[in-house]
Amino acid sequence: MTLLRRHLGAFLLLFCAACSLVAPPPVAAAPAVSRVSDIQAWTNEIYTRVAIYTGDEVSWQANTLPADPQRSLPPRIFIDIRGAGIRDEILHKPVEVRNGLLRQVRAGRFDRDTVRVVIDLEQESTYRVFALPGPFRIIVDIDGEGEIPPLPNSPVPVAAAPSASPATPPSVESPRAAASSPPVARKPRVRVMIDPGHGGKDPGAIGRTGLKEKDVVLDIGRRIREKLSRFGEFDVRMTRDEDVFLPLEERTAMANKGGADIFVSIHINASRNRKAEGFSTYVLSRGASNREDLELAARENGVPVAKLQGVKFIVDDMFTGARKNESLRLGKTVNDAVVRNVSTRYPGAQSIGLKQAPFYVLVGARMTAVLVEASFISNAREEARLREPSYLDGIADGVVEAVCYYGQNGILAHSDY
Ligand SMILES: [Zn+2]
């Protein structure tokens, strides 16, 4: 109970920030047509993200209840959504989890015009709640105690670890040979989540000749995975490996759930200025430093600029200090390496540099996280280059080189900073 109270204190501060993130309309003005249309949960033993989808903006409030042993009730987080209805299917179908952190997520009508979503916890936990517009959804991030179990050791002994240059892949022993080898010192593998932006119904930016951002970034993502996987020390995953739509909050949740050490979201820039060109890499921040970055973040977030501009963004306490510094460091390394690798084949590749903006896909990331804007699809020359495999290889090689640098320096072999 004390623990829950202490966390509640921290939570209230965040909740105030959440209120200003998307200012809820007055209750009386809330349209009665809003309804809870879906509830999703992504979870492991120490992390859970719950997303409550309402479509339209709603008035909401979050709170906690301690365990009630007499009534056999666990500690709970609940979110009251006013002036809203709920799909009947959700009413009768709690999301069962029972993984040591979360018992279940259930929803009901608290009173005539309030829907209450209750998260039954298995243990008292810290959590944050915030809302994202377009479509409106309330996100609850819950952190439990403990660590994600380590991955099985790499079959590649440290002695056979890759050299600094990704251009010279190491000789990898076969698993059978490794199994019969005497025990050698091994280090844990670095988990990397590659996130090709957009997909499915969301094409991202489209060039004048019809090239779609969603297709280019998937191609680049696959190249990065293929190149990084040659190094035994990386466990590489992708948020999507096909042309499917994935909500932004799900991408972050996948990285958190998988215990990723590094998250790299891949995008292609676009601008009304057809001459705009070059590479930039972004780290999450509350605001954007200029209009262009604000427009970019709004486009990538799928919301109008006005919506983003009025938003006081949540950059929670998990993304400050060392974690943010590591992201800035990786971001600079990625951008420099991408420009350098592309320049060897395409002289004159421009660097816009390391930047910061409020990208939803980076909100709540529990690891070093960057977003790469690799060229402008709105620039005729760069759109043409984005069709060339050697150009995409240059971009992928740059990301791989930067990630290798981090893996080899062991900075991110554990993310408990
Ligand atoms: Zn994009």
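**Sheets, helices and a zinc site**

Helix α6 lies across strands β14, β15, β16 and β17 (368–376), running at about 105° to β14; angles, from 0 to 180 degrees, are taken between N-to-C directions of lines fitted to C-alpha atoms, for helices over the stretch in contact. Contact means heavy atoms within 4.5 Å, and helices (H or I, at least four residues) and strands (E, at least two) are DSSP runs numbered from the N terminus. The model is predicted, with local features requiring pLDDT of at least 70 and side-chain atom pairs pLDDT 80 or more, while totals for chains, interfaces and linings use all residues. Residues are numbered from 1 along each chain as its sequence is written, and side-chain values use heavy atoms, with hydrogens and water left out.

The strands beneath this description belong to an open sheet of 6 strands, ordered β13-β12-β14-β17-β15-β16 with mixed pairing; two strands pair if DSSP finds at least two bridges between them. Strands β13 and β16 (351–357) stand at the edges with a single partner strand each, so one side of each is left without a neighbour in the sheet. From one strand to the next the twist averages 20°. Strand β15 (residues 279–284) pairs with β16 in the parallel sense over 6 bridges, and Leu284 has Ala357 in β16 as its bridge partner. Helix α5 (residues 248–257) also packs on the sheet, where α5 touches β12, β13 and β14 and makes about 170° with the direction of β12.

The zinc ion is coordinated at 2.0 to 2.5 Å by His198 (NE2), Glu213 (OE), His267 (ND1) and Glu300, the last listed with OE twice. Donors are N, O and S atoms within 2.8 Å of the metal (3.2 Å for Na, K and Ca), and sites may look incomplete because water is not among the atoms. The spacing of the donor residues in sequence is H-x14-E-x53-H-x32-E. Since His267 lies in strand β14 (residues 262–269) and Glu300 in helix α6 (residues 291–301), the pair ties together parts that are 33 residues apart in sequence. His267 and Glu300 are both buried, that is, under 20% relative accessible area, where exposed means over 50% and partly exposed lies in between (1.4 Å probe, protein chains only).

Glu213 is also among the buried residues of helix α4. This helix (residues 213–229) has 17 residues and reaches 24 Å from its first C-alpha to its last, close to the 24 Å expected at 1.5 Å a residue; the expected span is 1.5 Å times one less than the number of residues. The buried residues of α4 pack against β12 (190–196), β13 (234–238), β14, α6 and α10 (389–408).

Elsewhere, strand β5 (residues 76–82) has 6 of its 7 residues buried. Strand β4 (residues 59–65) pairs with β5 in the antiparallel sense over 7 bridges, and 7 bridges also join β5 to the antiparallel strand β9 (residues 114–121).

The structure holds 30 salt bridges, each defined by a side-chain nitrogen of Lys or Arg within 4 Å of a carboxyl oxygen of Asp or Glu. One of them joins Arg49 and Asp141 (2.7 Å, N to O). Arg49 lies in strand β3 (residues 47–55) and Asp141 in strand β11 (residues 136–143), so the pair ties together parts that are 92 residues apart in sequence. Arg49 and Asp141 are buried. A network of salt bridges links Asp219, Arg223, Lys227, Arg345, Asp393 and Asp397.
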